[in-house]
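Please look through the sequence and the model shown here before reading on. The report that follows goes from pairs of helices to single residues.

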Amino acid sequence: MFIPEESLYIAVISQAMKDAIGIAGDPDINNHPERKEQAENWFNLQDDDFLYICETLSVKPTNIINMLEDLRTEKKNFNQRFKISRTY
């Protein structure tokens, strides 16, 4: 079970992934490559916010980045494939 802050951070990661792979549901993001690029760049081992969220969720940042790569190649069924589990 996740506490409210963890649920929020999971939603942040989920939305950022959707933005990065172009399934945001927001045409303003989907039709502007610079916004998709900004979301994609957030998944970075040197981004303090990204690292903080991963640490708070007790997940390895590399696992989240790998998940993004997997989801990028298979955009369908995002909600079924997007799973975060603690690894620490």
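Are α1 and α5 parallel or oblique to each other? In this predicted model, α1 and α5 pack at an angle of about 45°, with their axes 10 Å apart, and they are therefore oblique to each other. The cut-offs matter for this step, because angles under 35 degrees count as roughly parallel and those from 65 to 115 as roughly perpendicular, with the rest, apart from angles over 145, counting as oblique.

**The protein as a whole**

The protein holds six helices and zero strands, and read along the sequence it follows the pattern α-α-α-α-α-α. Of its 88 residues, 33% are buried. The protein exposes about 5,700 Å², and carbon and sulfur atoms supply 48% of that area. If one takes the contacts in the protein with a separation of 6 or more, residues 24 or more positions apart account for 56% of them.

**Helix α1 and its partners**

Two packed helices are described by the angle between their axes and the distance between the axes. The table gives these values for three pairs that involve α1.

| Pair | Angle between axes | Distance between axes |
|---|---|---|
| α1 and α3 | about 135° | 7 Å |
| α1 and α4 | roughly 135° | within 10 Å |
| α1 and α5 | about 45° | 10 Å |

Helix α1 covers residues 4-21, and helix α3 covers residues 33-42. These two helices are oblique to each other, and α1 passes α3 in a left-handed crossing. On the α1 side the contact involves Val12, Ile13, Ala16, Asp19 and Ala20, which meet Lys36, Ala39, Glu40 and Trp42 in α3. Sorted by class, this contact of α1 with α3 has six nonpolar, no polar and three charged residues.

Helix α4 is made of residues 48-57. Helices α1 and α4 are likewise oblique to each other, and α1 passes α4 in a left-handed crossing. Here Glu6, Tyr9, Ile10, Val12 and Ile13 of α1 make the contact with Tyr52, Ile53, Thr56 and Leu57 of α4. By class, the contact of α1 with α4 has seven nonpolar residues, one polar residue and one charged residue.

For the pair introduced at the start, the crossing of α1 and α5 is right-handed. The residues that make this contact are Ile13, Met17, Ala20 and Ile21 of α1, together with Ile64, Met67, Leu68, Leu71 and Arg72 of α5. The contact of α1 with α5 has eight nonpolar residues, no polar residues and one charged residue. Ile13 of α1 takes part in the contact with α3, in the contact with α4 and in the contact with α5.

**Phe43, a residue between helices**

Where is Phe43 placed? Phe43 lies in the loop between α3 and α4, and at 8% relative accessibility it counts as buried, because buried means under 20% relative accessible area. Leaving aside residues up to four places away in sequence, Phe43 touches Ile13, Ala16, Met17, Ala20, Phe50, Ile64, Ile65 and Leu68. Among these, Ile64 is 21 residues apart from Phe43 in sequence, while their C-alpha atoms are 7.9 Å apart in space.

**Ser58 and Pro61**

Ser58 is found in the loop between α4 and α5, the latter covering residues 61-73. Most residues other than glycine have a negative phi. Ser58, although it is not a glycine, has a positive phi of about 60°. Is Ser58 buried or partly exposed? At 22% relative accessibility, Ser58 counts as partly exposed, because that class runs between the 20% limit for buried and the 50% limit for exposed.

Pro61 is found in helix α5, and at 14% relative accessibility Pro61 counts as buried. The C-alpha atoms of Pro61 and Leu45 are separated by 6.9 Å, although these residues are 16 residues apart along the chain.

Technical notes: Residues numbered from 1 in each chain as written. Predicted model: local features only at pLDDT ≥ 70, side-chain atom pairs only at ≥ 80, totals over all residues. Heavy atoms only, no water. Axes fitted to C-alpha atoms, helices over the stretch in contact; angles between N-to-C directions. Helix = DSSP H or I, 4+ residues; strand = E, 2+ residues; numbered from the N terminus. Left-handed = near helix turned anticlockwise from the far one by under 90°. Contact = heavy atoms within 4.5 Å. Nonpolar A, V, L, I, M, F, W, Y, C, P; charged D, E, K, R; others polar. Buried < 20%, exposed > 50% of the residue type's maximum accessible area, 1.4 Å probe, protein only. Areas by Shrake-Rupley, 256 points an atom, 1.4 Å probe, with all protein chains shown as cover.
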